[in-house]
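Trainee: I'd like to learn how to read the contacts around a ligand. Can we go through them together?

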Amino acid sequence: MNCVNVAIVGCTGMVGRTFIKVLEERNFPVNEIYFFASNRSAGRTITFKGNDYIVEELNESSFDRKINIALFSAGGEVSKKYAPIAVRKGCIVVDNSSEWRMDKNVPLVVPEVNPEDIKWHKGIIANPNCSTIQSVVPLKPLHDAFKIKRVVYSTYQAVSGTGMAGVQDLENGISGLPPKKYPHPIAFNCLPHIDVFMEDGYTKEEIKMINETRKILNDQSLKITATTVRVPVRNGHSVSINIEFENSFELEKVFEVLRNHPGIIVQDDVKNNIYPMPIYASGTDEVYVGRIRRDFSVENGINIWVVADNIRKGAATNAVQIAELLIKE
Ligand code: A2P
């Protein structure tokens with residue numbers, strides 16, 4: 001595999017730091033590597049594969065050198081401004097923000113679902129929303145096998161999805177301190193409120209899950225609805241997915257289809273209390289599926305429970321997998 005020059009934008013953040021860990025773990029073929037953050041972190045030291053690097057302040061000339069791939073996770077505003085600058089300088093951007101995801105010229109990719117979409121990129125490839133990534137991994141083989149008609153998402157999302165500030169609100173809240181990031185206490189509570197509310201009463205997170213699922217599965221006819229909820233879990237999102245199929249199915253076949261798909265681990269042995277849980281998914285790269293059962297209220301329906309590490313598979317690992325696909329190309 002050819003070695004490439006890599007940049008990490010937002011290297012001091014929760015996802016940025018995990019990019020570094022995942023690149024090291026997967027032995028990503030790095031030649032030169034550059035680390036960017038805001039002026040608050042400029043000058044700090046970051047260690048990568050045993051060598052120390054100085055964090056640079058991101059600016060308009062940051063990409064005036066040979067950088068092949070940049071992994072961005074520094075928020076939408078930074079991606080909006082700097083991803084096009086990086087592309088103009090010949091760099092391919094894998095962007096973790098929501099800024100470019102629904103742009104018609106930008107592929108939205110989960111490597112186990114739609115790897116072919118990276119072929120039509122024009123410099124930016126978007127990494128989907130964390131809850132969407134872990135949901136489409138099992139939906140893809142089920143859609144191929146039984147044709148999905150309708151999906152109902154209900155999420156149970158960890159505080160790490162809000163970065164360090166979310167984790168601090170949970171930890172402070174357990175000690176009785178008031179929240180700083182969330183509008184209400186998250187300790188011992190659930191907030192049916194992720195991202196901002198839209199005119200129609202949905203949150204932006206819910207709309208992201210609906211639109212991004214259709215784009216990744218390349219099927220605008222899918223009927224999807226969602227309720228997204230922040231729960232007092234440190235790391236690891238859970239999603240309850242109710243799925244209605246066009247075609248009839250055997251439950252055994254559903255298990256088989258899920259077991260055979262890359263990236264999925266089926267954990268479903270309820271007699272022995274075995275089902276996916278965020279404390280065990282945290283720190284891993286797989287998507288765990290369990291509680292697989294028929295929905296008796298419709299003709300061809302199932303319920304599944306899907307858990308993954310939102311910072312790894314839901315963000316950093318997925319982005320690094322996209323970068324690996326780019327290198328293979
Ligand atoms: P910094 O640590 O210097 O603020 P998180 O999502 O975990 O809060 O992390 C956000 C990441 O994005 C951090 O690395 C943060 O750097 C970086 N960041 C925020 N604003 C900017 C900016 N204007 N330019 C470059 N990096 C930024």
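Mentor: Sure, start with the polar contact: a pair of N or O atoms within 3.5 Å; within protein, one must be able to donate a hydrogen and the other to accept it, and residues adjacent in sequence count only if both atoms are side-chain atoms. Here, a side-chain N or O of Thr-12 sits 2.5 Å from a ligand oxygen. Ser-38 also puts a polar side-chain atom 2.5 Å from an oxygen of the ligand, while Met-14 uses a polar backbone atom, at 2.9 Å.

Trainee: What should I keep in mind about the model?

Mentor: This is a predicted model: local features need pLDDT of at least 70, side-chain atom pairs count only at pLDDT 80 or more, and totals for chains, interfaces and linings use all residues. Numbering runs from 1 along each chain as its sequence is written, and side-chain values use heavy atoms, without hydrogens or water.

Trainee: How many aromatic pairs are there in the whole structure?

Mentor: Rings of Phe, Tyr and Trp (its six-membered ring) pair if their centres lie within 6.5 Å; planes under 30 degrees apart are stacked, over 60 edge-to-face, the rest tilted. The search finds eight. One of them, Phe-36 with Phe-63, is tilted, with 5.8 Å between centres and 45 degrees between planes.
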